[in-house]
Amino acid sequence: MDTTRRTILRGLVAAPLAATAGGLLVPSTAHAAPGGFALAMRLSPSEYHRNWSAAADTLRRRLQPADLVRDVLRQPKRAGGLVGDWRDGPGEGVKPTGFDYGFSWDPDTKDPHGKLDGETAQWYPQGISTSVDGYGGTVGGKKVVAVSWYGYGTYESRGARISFIDVTGDPQRPRYQHVLLVEPVQLHESDAATFNPVIMHAGGVAWVGNFLYVANLPGRLAPFKQGGVSAFDLSRMAKVEGADKRKAFGYDYVLPLHHLYENQGGSTLRHSQLSLDRTRRNEPHSLVVSEFQEDRAGRVVRWSLGPSGYLADGQSDENWTSKPYVQGAVAVGNDAYYAANNRGTKGPDDGRGFAPRAGQLWLHKGRTGSPTRSGTLAIGPEDLSYDAGRLWCLAEHPDLRRVYRIKLRR
């Protein structure tokens, strides 16, 4: 990064990250420098549609506006359980190194499709972020964890959802609620708006003020074909009832798309995971995107954020390489941590032919040279989120699913 631009960006740090209805609402394409990556903002699905923000406002006039704390988390329908032995069913689980706190998904309450969250093969948890990312601590006096899921197989058409988990109450049974991610849709000549499920992998999530950024792998359906990151607006959440609730597959709340950033300039970057970095002194907060690759080390790319929660200019600030099989990455100061699958010899057989090994945590000091092993993670590790000397992580496989926090060994 050149000195002039770094000086300008440093000046943005003093302003808090709080998304507003205004802000950088003019799409622009940044031209990537050699070795860089460019993202362009999109505000609507096509020239025939109103932008997503306006469509969401129209939709909320018909639906019931909802607040994350006062409504979604006031009386959540589900309660997590103890971590137990890290596996539900036959076989053995794995306790991660430095385990500090964790929980399993609700063992009793089935979702609208008749499935338990901990065992369903129709939804897979992927990304994780917290109100520490979003607001530096709590939201409405609550510490909240956000976990993204994508619909799999016959459930792909149901899109993606976010679990908002209140971890400030009973730590043994944190309460949570699922919210469906949707694309608000309104034609220019229409006074009415509707919504559609968002078909995306939702491989990572980063909470930035009122925006919840979700990573998109390149997909089959517009407007998510190019791959990138999508921002959903917590200030425009709505409660659905009747026919709208059926359209939302039985969920009570929907979270609308506000804008997205898509790959430009022929970029082949895979936006597999996503995290927020608030740890750089005298530098703006930033989104960190990491890649899952099987045959080579993935790339990790950083974009700086402006004070209103939008990308500063769409041009990546830096990039480096991680390791193969990385499922999540966070930058902490000058270092980085990676959560990775262990694709070696299989672990204890569970009697059903499914026997993955424990995950691995890697530390990349200075992000140069080679990462070194820093600990063991639960089987099936996914995204990471940093929280004051600790990392949040989660496990994705049915009957092995846990959300947990570990202390870092620095």
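How many nonpolar, polar and charged residues does the lining of the second largest pocket have? The lining has 7 nonpolar, 4 polar and 2 charged residues. The model is a predicted one, and the values below are computed from it.

**Pocket**

The second largest pocket holds about 240 Å³ of space. Its lining is made up of 13 residues. Nearest the centre of this pocket lie Glu156, Ile199, Met200, His201 and Gly219.

**Salt bridges**

Over the whole structure, a search finds 20 salt bridges. Three of them are listed here.

| Pair | N to O distance | Citation |
|---|---|---|
| Aspartate 100 and arginine 405 | 2.6 Å | salt bridge |
| Lysine 143 and aspartate 387 | 2.6 Å | salt bridge |
| Aspartate 252 and lysine 245 | 2.6 Å | salt bridge |

Aspartate 100 forms a salt bridge with arginine 405. This pair links distant parts of the chain, with aspartate 100 in strand E4 (residues 99-104) and arginine 405 in strand E25 (residues 402-407), 305 residues apart. Arginine 405 has a relative accessibility of 12% and therefore counts as buried, the cut-off being under 20%. Aspartate 100, with a relative accessible area of 25%, is partly exposed.

Lysine 143 and aspartate 387 meet through their side chains in a salt bridge. This pair also links distant parts of the chain, 244 residues apart. Lysine 143 is in the loop between helix H4 (131-135) and strand E6 (144-151), and aspartate 387 is in the loop between strand E23 (381-386) and strand E24 (390-395). Both residues are buried.

A network of salt bridges links Asp100, Lys143, Asp387, Arg390 and Arg405.

In the pair of aspartate 252 and lysine 245, aspartate 252 counts as buried at 10% relative accessibility, whereas lysine 245 is partly exposed at 27%.

**Aromatic contacts**

The search of the whole structure finds 18 aromatic pairs. In one of them, phenylalanine 103 and tryptophan 105 have ring centres 6.1 Å apart and planes at 80°, so the pair is edge-to-face. Phenylalanine 103 counts as buried at 0% relative accessibility, and tryptophan 105 counts as buried at 4%. Both residues belong to one aromatic cluster, formed by Tyr101, Phe103, Trp105, Trp149, Tyr176 and Trp392.

Charged groups also sit over rings. The charged end of arginine 158 lies over the ring of tyrosine 155, 4.3 Å from the ring centre. For arginine 367, the charged end sits over the ring of tryptophan 320, 4.3 Å from the centre of that ring.

Conventions
Residues are numbered from 1 along each chain as its sequence is written. This is a predicted model: local features need pLDDT of at least 70, side-chain atom pairs count only at pLDDT 80 or more; totals for chains, interfaces and linings use all residues. Side-chain values use heavy atoms; hydrogens and water are left out. A salt bridge is a side-chain nitrogen of Lys or Arg within 4 Å of a carboxyl oxygen of Asp or Glu. Helices (H or I, at least four residues) and strands (E, at least two) are DSSP runs, numbered from the N terminus. Buried means under 20% relative accessible area, exposed over 50%, partly exposed in between (1.4 Å probe, protein chains only). On a 1 Å grid over the protein atoms alone, a cavity is a set of points where a 1.4 Å probe fits but cannot get out, and a pocket is an open set with protein on both sides within 12 Å along at least five of seven lines; lining residues have an atom within 4 Å of a point. Grid points are joined across faces, edges and corners, and a volume is the space filled by probe spheres set on the points. Ala, Val, Leu, Ile, Met, Phe, Trp, Tyr, Cys and Pro count as nonpolar, Asp, Glu, Lys and Arg as charged, and the others, Gly among them, as polar. Rings of Phe, Tyr and Trp (its six-membered ring) pair if their centres lie within 6.5 Å; planes under 30 degrees apart count as stacked, over 60 as edge-to-face and the rest as tilted. A charge sits over a ring if NZ of Lys or CZ of Arg is within 6 Å of the ring centre and within 35 degrees of the ring normal.
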